Amino acid sequence: MNTASTHRNRLSARQFVIAFGLVSMLADMVYEGARSVTGPYLATFGASAMTVGLITGLGEAVALVLRLASGPLSDRTQRYWTLSIAGYAITLVAVPVLAIASTLAQAGALVVGERFGKAVRTPARDTMLAAASHASFGRGLAFAVHEAMDQSGAFIGPLLVAGMIVLSGYRAGFAVLAVPGVLALLTLIWLRRRVPTPVDYDAGQNASASPAPAANASGLSRAFWLYTAFTAVAMLGFSTFAVLAYHDQVDGVIAPALIPVTYAIAMAAAALAALGSGWLYDRVGLRALMVALPLAGLVPIFAFTDSAPAIWIGAALWGAAMGIHESTLRAAVADLAPSARRGTAYGLFTAAYGIAWLGGSTIIGALYGLSWVAVIAFVVATQLAAFGLLLMLLRDR
């Protein structure tokens, strides 16, 4: 790290990654705590499985597709901290307000609004983390460490919500999440003061790092676009957790207070999978992504049964696949795009990811009402198609 960078940034790159992991841990307590019961909560307003899939899928699409705007905006303005803080603030306000929603429309709007905050902040946040990754743990492991800390909050949050549901119901579960929300914003503001220019961590790393693949007229490589297509097809066969939780609530397979505990199991699996896949990515590259496909294919076989142990296995499989997607996939975008285009690359990549997740979540929600076998067949077919695209990408690389 150069002298000017050291003077401006008062934390090392490794300390920055860990501190941002703490912010994400607190924030995940808030919005993952809420997401653990979104499906059952919407069901209390009379929502069907397809409606739950549509609302939560729309939320994920908003969180991802709108990065088409926020990604280039972060590249153009380089206001990484402004966008990050604004995005976190939107999310951390929307979730506790769910406690006073009185109609399905209000609850649905807040669910989507919470995801809008994620759209605002994520490209800027990931650009800052990408800048610090090589100088800290290594590209894959840096994102994996951040993701593991992130998912630890996603483990604690649902347990907190579960306790409040036992004591006083869903609304109290949402209201208590205001506490970690305030702590997350205070920590983020402190980190902004300690590290005003995180992109400076990248200085001196670009010369020794492997060059990004040759770009085409868009400024992004064929490998990046193949990678984006692979991820979109894989996510087409991946439902939101709300659809899985809807099954648990409506079929009465497990008690309502145990549904967020099931989500906590998924998040624990996600944290462990993120660390493992991040470590593996730094050693074998994109081949590490093969692990996620069979995991996703097995999810509906277990998650839509009438057996509580099978449902918990399905939740763990869902979480493990998600942990790989949300850590290793972010590291790969940083390697496949030039540093000056990372915000744009994250925006484009996650837009495709979000559109596919919206479509897949809605389709799986609709198929759920028709046939369990149809759900399994659809999910397995998408993962096989994604495997074919991954083989093409590996040949190109």
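Buried means under 20% relative accessible area, exposed means over 50%, and partly exposed lies in between. The model is predicted.

**Exercise 1. Classify S327 and list what it touches.**

Step 1. Place the residue. S327 sits in helix α15.

Step 2. Apply the cut-off. The relative accessibility of S327 is 0%, so S327 counts as buried.

Step 3. List the contacts. Leaving out residues up to four places away in sequence, S327 touches F143, A144, E147, A274 and S277.

**Exercise 2. Do the same for S36, then for G365.**

Step 1. Start with S36. It lies in the loop between α2 (13-35) and α3 (38-43).

Step 2. Its relative accessibility is 0%, therefore S36 is buried.

Step 3. Its contacts are P158, F241, A245, I259, P260 and Y263, with residues up to four places away in sequence not counted.

Step 4. Turn to G365. This residue belongs to helix α16.

Step 5. At 3% relative accessibility, G365 is also under the cut-off, so G365 is buried.

Step 6. G365 touches A49, M50 and V243, again not counting residues up to four places away in sequence.

Step 7. Add a distance. G365 and R193 are 172 residues apart along the chain, and their C-alpha atoms are separated by 45 Å.

**Exercise 3. Check the length of helix α17, then describe its packing.**

Step 1. Count the residues. Helix α17 covers residues 372-396, which is 25 residues.

Step 2. Get the expected span. Multiply 1.5 Å by one less than the number of residues. For α17 this gives 36 Å.

Step 3. Compare. The end C-alpha atoms of α17 are 37 Å apart, which agrees with the expected span.

Step 4. Find the buried positions. They are V375, I376, F378, V379, T382, Q383, A386, L389, L390 and L393.

Step 5. Think about the spacing. An α-helix has 3.6 residues a turn, so residues three or four places apart point the same way.

Step 6. Name the partners. The buried residues of α17 pack against α11 (222-236), α14 (292-303) and α16 (342-368).

Step 7. Look at the N-terminal end. S371 caps α17 there, with a side-chain oxygen 3.2 Å from the backbone nitrogen of V373.

**Exercise 4. Work through three salt bridges, including the surroundings of each residue where known.**

Step 1. Start with the total. The structure holds 6 salt bridges.

Step 2. Recall the principle. Side chains of opposite charge can pair when their charged atoms come close.

Step 3. Take D126 and R125. Their closest N and O atoms are 3.0 Å apart. D126 has a relative accessible area of 2%, so D126 is buried. R125 is buried as well, at 4%.

Step 4. Take R139 and D335. In this salt bridge the closest N and O atoms are 3.0 Å apart. The pair links distant parts of the chain: R139 is in helix α8 (residues 139-168), D335 is in helix α15 (residues 308-336), and their positions lie 196 residues apart in the numbering. R139 is buried, with a relative accessible area of 4%. D335 has 24%, so D335 is partly exposed.

Step 5. Take R222 and D396. Here the closest N and O atoms are 2.4 Å apart. This pair also joins distant parts of the chain, with R222 in helix α11 and D396 in helix α17, 174 residues apart. D396 is partly exposed, at a relative accessible area of 39%.

**Exercise 5. Where is F137, and what does F137 touch?**

Step 1. F137 is in the loop between α7 (104-136) and α8.

Step 2. Its relative accessible area is 23%, so F137 is partly exposed.

Step 3. F137 touches R14, V17, I18, A142 and V145, not counting residues up to four places away in sequence.

Step 4. Check R14. F137 and R14 are 123 residues apart in sequence, with 6.8 Å between their C-alpha atoms.

**Exercise 6. Which residues form the nonpolar patch that includes V179?**

Step 1. Place V179. It is in helix α10 (residues 178-194).

Step 2. Classify V179. Its relative accessible area is 53%, so V179 is exposed.

Step 3. List the patch. V179, V182, L183 and L186 form it on the surface.

Step 4. Give the area. Together these residues have about 370 Å² of accessible area.

Definitions and conventions: Residues numbered from 1 in each chain as written. Predicted model: local features only at pLDDT ≥ 70, side-chain atom pairs only at ≥ 80, totals over all residues. Heavy atoms only, no water. Helix = DSSP H or I, 4+ residues; strand = E, 2+ residues; numbered from the N terminus. Buried < 20%, exposed > 50% of the residue type's maximum accessible area, 1.4 Å probe, protein only. Contact = heavy atoms within 4.5 Å. Polar contact = N/O pair within 3.5 Å; in protein donor to acceptor, adjacent residues only side chain to side chain. Patch = residues over 30% accessible without salt bridge, like charges linked within 9 Å, V, L, I, M, F, W, Y side chains within 5 Å. Areas by Shrake-Rupley, 256 points an atom, 1.4 Å probe, with all protein chains shown as cover. Salt bridge = Lys/Arg side-chain N within 4 Å of Asp/Glu carboxyl O.
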